[in-house]
There are 2 protein chains.
Amino acid sequence: MQSLTGLEGCDFNETERAAENTCGLVHSCGFHARNCICSELRAAFNADLPKGVNRFALASGQEIEPETLPNSPVIGVLTGSVGIVAHLSDGRRTITGLFFPGDYINLASLNRQLNGAITALAPSAVQVMEQPVFENLLRLSSLTRDHFMDQMNSLLFQLLDHSNDLAKKTPIERIAAFLFELKNRTLPRKSTQFNTVAIPFGRRDIADYLGLQPETVSRGFTTLTTEGVINLPEADLVTIQDVHRLRQIANGGRPRKRGV
Amino acid sequence: MQSLTGLEGCDFNETERAAENTCGLVHSCGFHARNCICSELRAAFNADLPKGVNRFALASGQEIEPETLPNSPVIGVLTGSVGIVAHLSDGRRTITGLFFPGDYINLASLNRQLNGAITALAPSAVQVMEQPVFENLLRLSSLTRDHFMDQMNSLLFQLLDHSNDLAKKTPIERIAAFLFELKNRTLPRKSTQFNTVAIPFGRRDIADYLGLQPETVSRGFTTLTTEGVINLPEADLVTIQDVHRLRQIANGGRPRKRGV
DNA sequence: CGCGCGCTTGAGCCCATTCAATCACTGTGG
DNA sequence: CCACAGTGATTGAATGGGCTCAAGCGCGCG
C-alpha cells in the first residue's frame with residue numbers, strides 16, 4: 001500500500017470541506033448523498049472512526065490498486081472526484097466509472113472483480129471501510145441498509161444512462177449530457193451561480209470518460225460556446241445559457257446528419 | 001398493463017427450462033445465478049408464488065414500461081434475454097442494459113428513475129415481485145440479502161466493463177468482448193460444445209448494445225471469421241477457434257491505426 | 001411461388017481521429 | 001524582472017474508418 005498516504009487524523013481541511021456535505025457534520029461518513037449515516041456509524045460502534053475504518057488523502061492522479069487493499073473494503077468518497085481507470089493493452093485509457101462525494105465503491109464481490117484502478121482525478125479524500133465492519137454496520141442499522149440499496153441502485157441507473165451516452169450519442173451530445181450529469185451529481189458550491197457547473201477535472205479525463213479525444217472535447221465546448229448554449233469563463237467552469245437547448249442536445253438534438 | 005400477458009400458472013415449459021437453471025428446481029425463483037433463493041422464498045412465505053409475485057411470458061420485442069408497474073417491483077429474469085431499451089429524440093436506439101436468467105432489475109429507487117423500456121429481446125419469462133414482498137424477503141432472509149448485494153455489485157462491475165467497451169474499443173474489439181460477455185453470463189446449453197456461444201438475439205440488437213450499426217456488426221463477424229478466430233455456422237451461433245487471439249482482440253489488440 | 005424480413009456485401013461520404021502547431025498559464029531559477 | 005521549460009487547452013490540416021444509403025442474398029411463411 002505504498003501508494004496510500006495515511007493521514008494522522010485527517011489533514012485535509014475538514015471544516016472547509018464540511019460545507020460540501022449534505023449532512024454538515026465535521027466527521028463526514030462519506031455516505032451523505034441523501035441520508036447521512038454518520039450517526040448510524042457512531043451508534044453502532046461508539047466511535048466516529050471505528051477500528052477497520054481509515055481515511056486517506058489522495059493527490060490528483062494517485063491510484064489505489066484494488067488488489068492491494070485488505071478485506072475487500074468499501075470505499076466512500078469524502079471529497080474530490082474518484083474514477084475507475086482502465087487501460088487497454090495498447091495504452092488506450094478509459095474512465096469507466098465516476099464517483100463523487102457520497103458515492104461508494106464496494107469491492108466485495110464473490111464472483112467478479114473490478115477492472116481498473118481506483119484513481120483520484122482531483123485532490124480527494126476517501127474513507128476505507130473493511131468488509132467486516134461494513135457488514136456489521138449493515139446488520140445493525142436498517143437505515144444504512146436502505147440507504148445502501150438505494151445508493152447502489154442509483155449508481156446502476158446512472159451507469160445505464162452513461163451507456164446510453166457512449167453508445168449512440170455524438171460528441172457534442174455526450175458533452176451536453178455530461179454537463180447535466182455533473183449538475184445532478186455534484187453538489188453546487190455556495191459561491192457559484194444557479195446554472196454554473198464546475199468541471200472537476202481536465203479535458204483528458206473528460207475525454208476518457210466520454211469515449212472521445214481531448215481535442216474533440218475541446219472542440220465541442222467551443223462549438224457550444226459559439227452557439228450561445230454555454231459560456232466558459234474558465235476552462236473548468238461552465239455557465240449554462242440555454243438550458244432548454246442544452247437538454248435538447250443532450251437528448252439527441254444533434255444527429256450526425258441533419259434529417260433530410 | 002395491457003402489454004403484459006398474464007399466465008395461468010406458468011405456461012412456458014418449466015421442466016424444459018429447469019435444465020437451464022443452476023438451482024434445478026421446477027419453480028425457479030429467477031434469482032438462481034449463484035445461490036438459489038427459491039427455498040428462502042418458500043420458507044418466508046410458505047408458498048412458491050406468494051401474493052404479490054407474478055410471472056409473465058413475454059414475446060420477442062414485447063415491452064414493459066416501468067411506469068405501468070405497481071409498487072416499483074423487482075423483476076427477475078427466468079428465461080430468455082431482457083434488455084433496457086432507450087431511444088433518443090431522433091429515433092436512435094440503444095440497449096443500455098442486458099439481463100439474462102438469474103439477473104434482476106430493481107425498480108425501487110427513491111431519487112432516480114430508469115430511462116428506457118424493459119424489453120424482451122427474445123421470447124422470455126420474467127417474475128415480478130412487488131416491492132413490499134421483496135422487502136419482506138430481504139428482511140427475513142440474510143442469505144437473500146447477501147445474494148442480492150452480490151448480484152447487484154456483479155451487475156455494476158459488468159456495466160463498468162461495458163462502459164470500457166463502448167468508450168474506446170473498435171467495432172471488432174467490441175464484438176470480441178461481447179462474445180466473452182455472453183460466454184460468461186449465459187449458461188451453456190448442454191447440447192453445445194465447449195467453445196460455442198449462442199447469440200440470443202439479432203444483429204440489430206447486438207448493434208444497439210455495442211453502439212454500432214447492424215452492418216458494422218455483420219462486417220465484424222465476417223472479418224473475425226475470415227481471420228480464423230471464430231466460425232459462425234449459423235447467424236446466431238459462434239464457435240471460438242482461437243480463444244487466445246479473441247481475448248487479445250477483446251483487450252485492445254486491434255487499434256484503429258497499426259502502430260507506425 | 002411471392003413476399004417479407006433479416007443478414008450480408010458494396011460504394012461513397014462525413015466526421016472524429018490523428019498528427020502537429022500554437023497559445024495560455026504556472027512555477028522555477030538566473 | 002525576465003527567460004525558460006513544462007503542462008494543458010485550443011486550433012489547424014489531413015486521413016481513414018464507421019456511417020449512410022442501397023442492392024443482393026438466404027430463409028421462413030402465408
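**Exercise 1. A strand in the middle of a sheet**

Work out which way the side chains of strand β8 (residues 117-120) of chain A point, and whether they are buried or exposed.

*Solution.* Start with the two directions: Ala117(A) and Thr119(A) point one way from β8, while Ile118(A) and Ala120(A) point the other way. Then check burial: all of these residues are buried. Keep in mind as you work that this is a predicted model.

**Exercise 2. The neighbours of β8(A)**

Find which strands pair with β8(A), in what sense, and over how many bridges.

*Solution.* Step one: take strand β3 (residues 63-64) of chain A, which runs antiparallel to β8(A) and is joined to it by two bridges. Here Glu63(A) has Thr119(A) as its bridge partner. Step two: turn to strand β5 (residues 82-87) of chain A, which also pairs with β8(A) in the antiparallel sense, over four bridges. In that pairing, Ile84(A) stands opposite Ile118(A). Step three: put the strands in order. They belong to an open sheet of four strands, β3-β8-β5-β6 (chain A), with antiparallel pairing. The edges of this sheet are β3 and β6 (93-99) of chain A, each of which pairs on one side only.

**Exercise 3. Chain A as a whole**

Describe the make-up of chain A: how many helices and strands does it have, and what share of its residues is buried?

*Solution.* Begin by counting elements: chain A has eight helices and 12 strands. Next, burial: of its 260 residues, 55% are buried. Last, look at contacts between residues at least 6 apart in sequence; 71% of them join residues at least 24 apart.

**Exercise 4. One residue in a loop**

Locate Ile199(A) and explain why it counts as buried.

*Solution.* First find the place: Ile199(A) sits in the loop between β10 (196-198) and α6 (203-210) of chain A. Now the accessibility: its relative value is 4%, so Ile199(A) counts as buried, the cut-off being under 20%. Then list what surrounds it. Leaving aside residues up to four places away in sequence, Ile199(A) touches Leu182(A), Ile206(A), Phe221(A), Ala235(A), Asp236(A) and Val238(A). As a final check, pick Lys183(A), 16 residues away along the chain: its C-alpha atom is separated from that of Ile199(A) by 9.5 Å.

**Exercise 5. Relating the two chains**

Determine what rotation and shift superpose chain A on chain B.

*Solution.* The superposition takes a rotation of 180° with 0.0 Å of shift along its axis, at an RMSD of 0.0 Å. The two copies are therefore related as by a two-fold rotation axis. Now compare the interfaces: 100% of the interface residues of chain A are also interface residues in chain B, so the copies meet through the same surface.

**Exercise 6. Around DNA strand C**

Identify which residues come nearest to DNA strand C and which side chains make polar contacts with it.

*Solution.* Of the 15 residues around the strand, Thr216(A), Arg256(A), Arg203(B), Ser218(B) and Thr222(B) come nearest. By class, the surface has three nonpolar, six polar and six charged residues. On the DNA side, 67% of the strand C atoms within 4 Å of the protein belong to sugar or phosphate, and the rest to bases.

Now go through the contacts:

- Glu215(A) has a polar side-chain atom 3.2 Å from a base nitrogen.
- Gln213(A) has a side-chain N or O atom 3.3 Å from a phosphate oxygen.
- Ser218(B) has a side-chain N or O atom 2.8 Å from a phosphate oxygen.

Finally, the elements: α7 (214-226) of chain A and α7 (214-226) of chain B each give two or more residues to this surface. The largest share, four residues, comes from α7(B).

Terms used:
Residues numbered from 1 in each chain as written. Chains lettered and ligands numbered in written order. Predicted model: local features only at pLDDT ≥ 70, side-chain atom pairs only at ≥ 80, totals over all residues. Heavy atoms only, no water. Near = heavy atom within 4 Å. Polar contact = N/O pair within 3.5 Å; in protein donor to acceptor, adjacent residues only side chain to side chain. Nonpolar A, V, L, I, M, F, W, Y, C, P; charged D, E, K, R; others polar. Buried < 20%, exposed > 50% of the residue type's maximum accessible area, 1.4 Å probe, protein only. Pairing = 2+ DSSP bridges. Least-squares fit on C-alpha atoms with pLDDT ≥ 70 in both. Contact = heavy atoms within 4.5 Å.
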